[in-house]
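User: I'd like to practise reading a model feature by feature. Can we take it piece by piece, with the general idea ahead of each case?

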Amino acid sequence: MRNIIGLLTLSLHFGCQGTVRAAHDEAETPTSYTALEVAGGAMGDPVGSPIHAVLTSPPEVPPAVDRTTPAKVVVELEVVEKVMPISEGVDYTFWTFGGTVPGSFIRIRQGDTVEFHLQNHPDNKMPHNIDLHAVTGPGGGAASSFTAPGNQSQFSFQALNPGLFVYHCATAPVGMHIANGMYGLILVEPPEGLAPVDREYYVMQGDWYTVGKYREKGLQPFDMQKGIEENATYVLFNGSEGALVGDNALQAKVGEHIRLFVGNGGPNLVSSFHLIGEIFDKVHFEGGSLVQEQVQTTLIPAGGAAIVEFTVEAPGTYVLVDHSIFRAFNKGAVGMLKVEGPDAKGVYSGKEVDAVYLADKAAPAAPIAEASQATAAGTLSLAQQVDAGKALFQGTCSTCHQPDGKGLGDVFPPLAESDFLMADVERSIGVVLNGLSGPIEVNGRRFDSVMPPMSQLNDDEVAHILTYVRNSFGNKGDAVSPEQVARVRATTERPQGAAH
């Protein structure tokens with residue numbers, strides 16, 4: 001067995017300081033490490049009765065380890081294959097550790113001996129295993145845990161290294177298993193523990209590859225070719241577009257110190273993790289012992305993790321994004337941290353404008369969900385479509401055309417009582433899908449601007465937005481159907497590679 005005490009004198013004090021401890025400076029060795037040696041051997045034998053690990057579903061985190069000695073920790077984790085929403089009206093067959101994406105959070109202590117039980121639910125269709133990056137040994141446990149449906153496997157390992165580590169399935173084809181959601185985090189606390197904070201949360205990014213385009217409705221199958229080409233349909237936090245927004249947003253209060261355990265399951269993309277409106281006071285980058293301070297954006301590799309800490313000084317909604325920014329606004333990598341408390345005008349005097357960053361997620365999701373359900377059932381009403389269109393309009397169109405539809409000066413034409421809009425529904429659909437540039441006349445006034453194509457919107461979304469606009473702001477028209485949008489989209493010629 002490696003000489004762990006000597007190794008630790010080379011490492012950083014993972015719990016707090018982030019200062020290097022030199023190997024030759026024995027006086028600088030943390031005294032807590034000596035307790036390991038006293039407990040019995042280099043790492044110490046387990047003390048006391050076995051402990052059953054508390055596992056939590058995201059975004060919750062188990063309580064801190066409150067022990068001064070290593071223990072035998074029993075972890076029981078079940079693989080469940082299940083259909084869940086990946087976006088509004090879009091379902092996906094997820095392969096999960098513990099029934100969630102990411103999988104259950106595991107929290108142990110350096111020096112613990114883990115007895116790991118992996119169960120594969122009898123209703124599953126595929127064999128699975130687990131590779132924990134916290135394991136020192138070939139395959140990280142994968143070779144010892146290959147488990148067929150209806151069976152379970154068991155292996156043990158000693159947690160030699162402190163840090164925040166990814167675990168994932170490593171059954172062939174490995175990329176497919178990870179892409180279907182089979183990843184999570186295991187935290188190995190140092191003997192002295194982590195510094196106390198007010199709140200801890202669990203966030204993990206993943207990239208998803210579906211046959212249908214972004215937000216295309218229905219049950220979407222996995223697309224292996226897209227995965228191989230690294231052409232993600234979705235990039236998401238915690239497995240769905242709705243996981244960390246609206247009622248599911250993370251919560252905090254002004255003045256609280258927050259710790260996020262952030263992982264990146266991949267399988268392909270590196271995360272540029274950023275919290276809009278905050279600076280990370282500390283980042284344990286790559287989940288290890290070194291600490292960087294005053295960080296705006298931190299890179300988290302696929303199969304990697306980071307621990308970020310910050311204090312919230314002002315109330316409002318802070319937005320989590322992958323700052324590879326198209327992933328945030330066009331693939332779903334957006335979350336919220338809602339902070340309550342007194343205003344801090346000395347820190348920030350501006351008003352909160354969710355729609356700028358959150359797009360349609362700034363509006364209540366219920367109308368969009370209701371419209372999706374009614375469409376699937378064939379019962380969609382004009383009122384439901386208008387309500388869904390309003391929510392989508394607020395995040396997609398209102399910045400230029402304004403919430404009241406009156407436009408901006410001589411640049412963005414009004415939608416309110418617009419003769420141009422109402423004269424030709426197919427032309428209006430074409431403007432949304434293909435954009436518009438050059439001079440036009442609206443209500444007797446000349447406008448000369450550019451509207452970019454919004455072809456990333458699916459047929460339902462375009463139909464809902466136009467139905468809302470054509471029945472609001474003094475306009476009165478018929479509903480626009482997804483079928484009408486699909487016909488216009490199909491007749492539009494685009495260069496190879498352009499969105500459709």
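User: Let's start at the end of a helix. What phi does G435 take, just after α11?

Analyst: In this predicted model, G435 comes right after α11 and has a positive phi of about 80°.

User: And the other end of that helix: which atom does the side-chain oxygen of D424 reach at the start of α11?

Analyst: That oxygen comes within 3.1 Å of the backbone nitrogen of E426.

User: Which residues of α11 are buried?

Analyst: Start with the general idea: an α-helix has 3.6 residues a turn, so residues three or four places apart point the same way. Now the case here. Helix α11 spans residues 425-434, and its buried residues are S428, I429, G430, V431, V432 and L433. Their cover includes α10 (419-423), β22 (436-442), β23 (445-451), α12 and α13 (482-490).

User: Since α12 came up, how do α8 and α12 pack, and at what angle?

Analyst: Helix α8 (residues 382-396) meets α12 (residues 459-469) at about 100°, and the axes lie 7 Å apart. An angle from 65 to 115 degrees counts as roughly perpendicular, which means that α8 is roughly perpendicular to α12. On the α8 side the contact uses L382, Q385, V386, A388, G389, K390, L392, F393 and T396. On the α12 side you'll find E461, A463, H464, I465, T467, Y468 and V469.

User: What classes of residue make up the contact of α8 with α12?

Analyst: Nine are nonpolar, five polar and two charged.

User: On to sheets. In what order do the strands of the six-stranded open sheet come?

Analyst: Generally, strands of a sheet pair through backbone hydrogen bonds, either parallel or antiparallel. The six-stranded sheet here runs β12-β10-β14-β19-β16-β17 with mixed pairing. Its edges are β12 (234-237) and β17 (291-295); each has a single partner strand, so one side of each has no neighbour in the sheet. On average, neighbouring strands are turned by 20° against each other, direction ignored.

User: Which way do β10 and β14 run, parallel or antiparallel?

Analyst: Parallel: strand β10 (residues 199-208) and strand β14 (residues 257-266) are joined by eight bridges. To find the register, look at V203, which stands opposite V262 in β14. For an antiparallel case in this sheet, go to β16 (residues 280-284) and β17, which four bridges join. There, H284 stands opposite V291.

User: How many residues lie between the strands in the hairpin of β16 and β17?

Analyst: Six, and among them look at E286, whose phi is positive, near 60°.

User: Where is Q294, and is it buried or exposed?

Analyst: Q294 sits in strand β17. Its phi is positive, about 55°, although it isn't a glycine. Q294 is exposed, with a relative accessible area of 56%. Another non-glycine with a positive phi is Q402, near 75°. Q402 belongs to the loop between α9 (398-401) and α10, and it is partly exposed, at a relative accessible area of 24%.

User: How is the five-stranded open sheet ordered?

Analyst: Read it as β13-β21-β20-β15-β18, with mixed pairing. The edge strands, β13 (250-253) and β18 (297-300), each pair on one side only. Neighbouring strands here are turned by 25° on average, direction ignored. Four bridges join β13 to β21 (residues 334-340), and the two run parallel. One place to check is A252, which stands opposite V339 in β21.

User: What about the prolines: where does P102 lie, and what is the omega of the bond from V101?

Analyst: The V101 to P102 bond is cis, with omega near -5°, and P102 is in the loop between β3 (90-97) and β4 (106-109). The bond from A172 to P173 is cis, with omega near -5°. P173 lies in the loop between β8 (163-168) and α3 (174-179).

User: Let's zoom out. How many helices and strands does the protein have?

Analyst: It comes to 13 helices and 23 strands. Of the 500 residues, 52% count as buried. For contacts between residues at least 6 apart in sequence, 69% join residues at least 24 apart.

Notes. Residues numbered from 1 in each chain as written. Predicted model: local features only at pLDDT ≥ 70, side-chain atom pairs only at ≥ 80, totals over all residues. Heavy atoms only, no water. Axes fitted to C-alpha atoms, helices over the stretch in contact; angles between N-to-C directions. Parallel < 35°, antiparallel > 145°, perpendicular 65-115°, else oblique. Contact = heavy atoms within 4.5 Å. Nonpolar A, V, L, I, M, F, W, Y, C, P; charged D, E, K, R; others polar. Buried < 20%, exposed > 50% of the residue type's maximum accessible area, 1.4 Å probe, protein only. Polar contact = N/O pair within 3.5 Å; in protein donor to acceptor, adjacent residues only side chain to side chain. Pairing = 2+ DSSP bridges.
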